[in-house]
Amino acid sequence: MARDSSATKARILAAAFDEFAAYGIAGARVDRIADTAGANKRMIYVYYGNKEQLFDQVIHQAVEQGAESVPFDAEDLPRYAGAIFDHLTADPRLMRLLMWKRLERPEATALEAQAYARKTASLAAAQQGGHVDPAHAPADLLTLVLGLAQAWYTTAGGEAGGVAEAHRGAHRAAVVDAVARLVEVRAPRPPAA
């Protein structure tokens, strides 16, 4: 019977996502990933190299899926922040995975760096076009928007890494409102006399 390598790779990535989200790189075990994926442990190394490279591939896939699920629109940052909030609510493992990445592999991957550069360039254009307040540098603004969208998942008030369903709508509305206030174009201040 012929092997279906693409199906095996997909099962390995799905199992690795769960393992890394739960344990990070240091705590993850390739044996558990192989068992969960129904794959030979050796094939993980053949397909992905070492455990760190497998983690990087899981992050790469999560970033690509996030970009597809949450398209960036520099001229509608409140909607973008709300969509990120929704994306994280749909799968709380994502935030855990991102936190592990920040702790264990903080350097940006090429994909992350490219996505960040495109977004900041788009924000700069939106500021120049008068759609977004220019008070903050594009990189600072993007960081603030992402921080606000993720805030309920990274603080003690975030119900242990998730958002309680009873409060989800109010939390989402607070995120969207805060971003709207942050980016609202304000009239220039008159010069000091």
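**A walk through an all-helix model**

Let's start with the contacts: of those in the protein with a separation of 6 or more, 65% come from residues 24 or more positions apart. Keep in mind as we go that this is a predicted model.

What secondary structure is there to look at? The protein has 9 helices and 0 strands, so the pattern, read along the sequence, is simply α-α-α-α-α-α-α-α-α. As for overall dimensions, the C-alpha trace spans about 80 × 35 × 30 Å along its principal axes.

Now for the surface. The protein has 193 residues, and 35% of them are buried. Its accessible surface comes to about 10,800 Å², with carbon and sulfur atoms owning 56% of that. On the charge side, there are 21 positive and 23 negative charges in the protein, and the mean positions of the two sets sit 5 Å apart.

Next, the pockets. Rolling a probe the size of a water molecule over the atoms shows where empty space is left. How much space lies in the largest pocket? About 990 Å³. Its lining draws two or more residues from each of these elements: helix 4 (51–69), helix 5 (77–90), helix 6 (93–104), helix 7 (110–128) and helix 8 (138–154). Helix 7 is the top contributor, with 7 residues in the lining. The lining has 31 residues in total, and if you want to find the centre of the pocket, look for Val63, Leu98, Glu112, Lys119 and Leu146, which lie nearest to that point.

Two of those pocket helices, helix 7 and helix 8, are joined by a loop that holds His136. Is His136 buried, partly exposed or exposed? Its relative accessible area is 31%, which lies between the 20% limit for buried and the 50% limit for exposed, so His136 counts as partly exposed. Setting aside neighbours within four places in sequence, His136 is in contact with Gln127, Leu141 and Leu182. Ala173, for its part, is 37 residues from His136 in sequence, and the C-alpha atoms of the two are 23 Å apart in space.

Over in helix 4 you'll find Gln53. The same reasoning applies here: Gln53 has a relative accessibility of 42%, and because that value falls between 20% and 50%, Gln53 is partly exposed too. For a sense of distance, try Gln53 and Ala135: they are 82 residues apart along the chain, and 39 Å separates their C-alpha atoms.

Notes. Residues numbered from 1 in each chain as written. Predicted model: local features only at pLDDT ≥ 70, side-chain atom pairs only at ≥ 80, totals over all residues. Heavy atoms only, no water. Helix = DSSP H or I, 4+ residues; strand = E, 2+ residues; numbered from the N terminus. Buried < 20%, exposed > 50% of the residue type's maximum accessible area, 1.4 Å probe, protein only. Contact = heavy atoms within 4.5 Å. Areas by Shrake-Rupley, 256 points an atom, 1.4 Å probe, with all protein chains shown as cover. Lys, Arg positive; Asp, Glu negative; His and termini not counted. Charge placed at Lys NZ, Arg CZ, Asp CG, Glu CD. 1 Å grid on protein atoms, 1.4 Å probe; cavity = no way out; pocket = protein on both sides within 12 Å on 5 of 7 lines; lining within 4 Å. Points joined across faces, edges and corners; volume = space filled by probe spheres on them.
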